[in-house]
Structures are given as C-alpha cells and as structure tokens.
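Let's take a walk through this one together, going from the surface to the inside and back out to a second interior region. Keep the viewer open as you read.

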Amino acid sequence: MGRKKDQEEDGVWQDREIRFDSPVASLELRPGEVAIDSMGSVEDTKGNNGEKGSLSITNLRLIWICTRSAKVNLSVGYSAVISINIRTANSRLRGNTQALYVMTKYNDSRFEFVFTNLVRSSPRLFTTVQAVYRAYDTSRLYRDLKLRGAIIKNKSLVMLPGEQMINKVVGVWNLSSDQGNLGTFFITNVRLVWHANLAENFN
C-alpha cells in the first residue's frame with residue numbers, strides 16, 4: 001500500500017530521473033514498464049569498479065544491481081541520457097576492454113556511467129542498450145510537450161507513425177499575456193496540437 005502511494009505521489013519518474021542506492025522496492029517495474037533484456041555479469045566500471053552486478057534494460061531505464069549487495073544500485077532514466085558510446089575502459093575484472101559509456105545530465109549535474117560486460121565476445125550490452133535508447137529517443141513526440149517545433153507543413157499536421165486524425169477545429173484562440181492568437185487545433189489519437197494561422201512555427 002505504501003509503495004503504491006509513493007508511486008502515485010512521484011508520478012512516472014523512472015525514465016526522468018537518476019537514482020543511486022535506492023530501496024530495492026523502487027527498482028521493481030512500474031505499470032507499463034517492460035523488461036527487454038537482462039544480463040547477469042556486468043560491472044559498473046566507473047562507480048563500482050571490481051563489483052559484478054546485473055543490468056536490466058527496460059523501455060524506461062537501465063537498472064544495475066550489485067551482486068554482493070542489492071543496496072548498491074543504479075537507476076538511469078533514458079530522458080536524462082545525452083549520449084551513448086563505446087570506448088576502452090580499465091576494468092578490475094577484465095582489464096582494458098570495450099565498455100559502454102553513458103553520458104547523462106540530471107538536475108543541472110552531469111554523470112558518466114561506464115558498464116563493462118564480463119562475458120567475453122558478447123556484443124549484447126552494446127547492441128541492446130543502443131537500440132532501446134534509440135527507440136525511446138525517437139518516440140519523444142508521443143510523450144513530451146513540444147513548443148515551436150517543425151510539426152506543421154502547409155497548414156497540415158505532420159503525422160507520426162500510427163497517428164490518426166480525430167478532429168480539426170479552426171478558429172481556436174490561444175490567449176496568453178492579455179493578447180490572443182487565432183489558430184487551428186488538431187486532435188489525434190496521441191496528442192493535441194495548436195498552431196497560429198499566421199505563423200506555423202508558433203505552436
């Protein structure tokens with residue numbers, strides 16, 4: 001009951017935040033979160049060099065849990081990720097080897113995470129994380145608020161894959177700062193879009 005209440009108060013934080021050494025309960029998958037892959041021999045080379053752990057890749061975040069103690073863990077939401085690269089790292093468990101570098105920014109602070117797959121000759125860590133993050137990153141328009149985007153062309157809404165137009169309402173005013181702009185309102189199965197009739201990029 002308490003965990004459910006905490007989730008309701010926090011909303012969906014799993015893809016938005018970076019959390020260190022969280023209570024194990026907060027590492028459980030939330031409704032709508034799907035585990036895509038899990039690897040049992042991954043080292044957190046930057047923060048816990050020499051510590052073997054498991055890495056779970058979900059549709060919202062990366063979850064690393066130390067094998068020795070589950071109290072040592074990471075939750076890295078994809079929304080905080082700036083870039084993902086493959087470079088050489090110095091691992092206590094594998095020596096100099098290829099590792100996954102995840103650059104992030106959260107609450108005006110930058111964090112770098114380095115994950116090393118302890119299973120030799122296995123590219124799974126690289127291919128899976130990069131593919132899942134790419135899917136998350138390219139689908140932001142389905143979830144996020146966007147202002148002044150290139151979403152209108154010739155007064156028509158540029159549709160997303162799988163998007164369906166439900167209604168188009170002309171003559172809708174956007175009122176702010178004691179002034180108004182007359183525009184057009186689109187309602188689809190995934191979003192609400194308004195743009196000014198005199199300036200398509202004002203949306």
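Start at Leu 175, which sits in strand β11, residues 165–176. Keep in mind that this is a predicted model. Is Leu 175 buried or exposed? Its relative accessible area is 66%, and the cut-off for exposed is over 50%, so Leu 175 counts as exposed. Leu 175 also has company out there: together with Trp 173 and Leu 182, it forms a nonpolar patch on the surface, and the three add up to about 360 Å² of accessible area.

In soluble globular proteins, nonpolar side chains tend to end up buried together. For that side of the story, turn to the largest nonpolar core, which has 26 residues. Leu 55, Ile 57, Leu 62, Trp 64, Val 102, Phe 115 and Leu 125 are the ones with the most contacts inside this core. Two or more residues each come from β2 (35–44), β3 (52–58), β4 (61–66), β5 (73–77), β6 (81–91), β7 (95–106), β8 (109–117) and α2 (124–137). Of these, α2 gives the most, with 6 residues.

Zoom in on Leu 125. Setting aside neighbours within four places in sequence, Leu 125 is in contact with Met 39, Leu 55, Leu 100, Phe 115, Thr 116 and Asn 117. Apart from the big core there's another one, of 5 residues, including Ile 151, Leu 157, Phe 186 and Val 193.

One of the contacts of Leu 125 is worth a stop of its own: Thr 116, a residue of strand β8. With 0% relative accessibility, against a cut-off of under 20%, Thr 116 counts as buried. What does its side chain pair with? The side chain of Thr 45, through a polar contact of 2.6 Å. Beyond four places in sequence, the contacts of Thr 116 include Ser 41, Val 42, Glu 43, Arg 94 and Gln 98.

Finally, head for Glu 163, in the loop between β10 (156–157) and β11. Glu 163 counts as buried too, because its relative accessibility is 8%. Where do its polar atoms go? One side-chain polar atom of Glu 163 lies 2.8 Å from the backbone nitrogen of Leu 160, and the Glu 163 side chain also makes a 2.7 Å polar contact with the side chain of Thr 188. Leaving out neighbours within four places in sequence, Glu 163 is in contact with Leu 157, Val 158, Thr 188, Asn 189, Val 190 and Arg 191. Leu 157 ties this back to the 5-residue core, as one of its members.

Key: Residues are numbered from 1 along each chain as its sequence is written. This is a predicted model: local features need pLDDT of at least 70, side-chain atom pairs count only at pLDDT 80 or more; totals for chains, interfaces and linings use all residues. Side-chain values use heavy atoms; hydrogens and water are left out. A nonpolar core is a set of buried Ala, Val, Leu, Ile, Met, Phe, Trp, Tyr and Cys residues joined through side-chain atoms within 4.5 Å. Buried means under 20% relative accessible area, exposed over 50%, partly exposed in between (1.4 Å probe, protein chains only). Helices (H or I, at least four residues) and strands (E, at least two) are DSSP runs, numbered from the N terminus. Contact means heavy atoms within 4.5 Å. Patches are made of residues with over 30% relative accessible area and no salt bridge: like charges are joined within 9 Å, nonpolar side chains (Val, Leu, Ile, Met, Phe, Trp, Tyr) within 5 Å. Accessible areas come from the Shrake-Rupley method with a 1.4 Å probe; for residues, only the protein chains shown count as cover. A salt bridge is a side-chain nitrogen of Lys or Arg within 4 Å of a carboxyl oxygen of Asp or Glu. A polar contact is a pair of N or O atoms within 3.5 Å; within protein, one must be able to donate a hydrogen and the other to accept it, and residues adjacent in sequence count only if both atoms are side-chain atoms.
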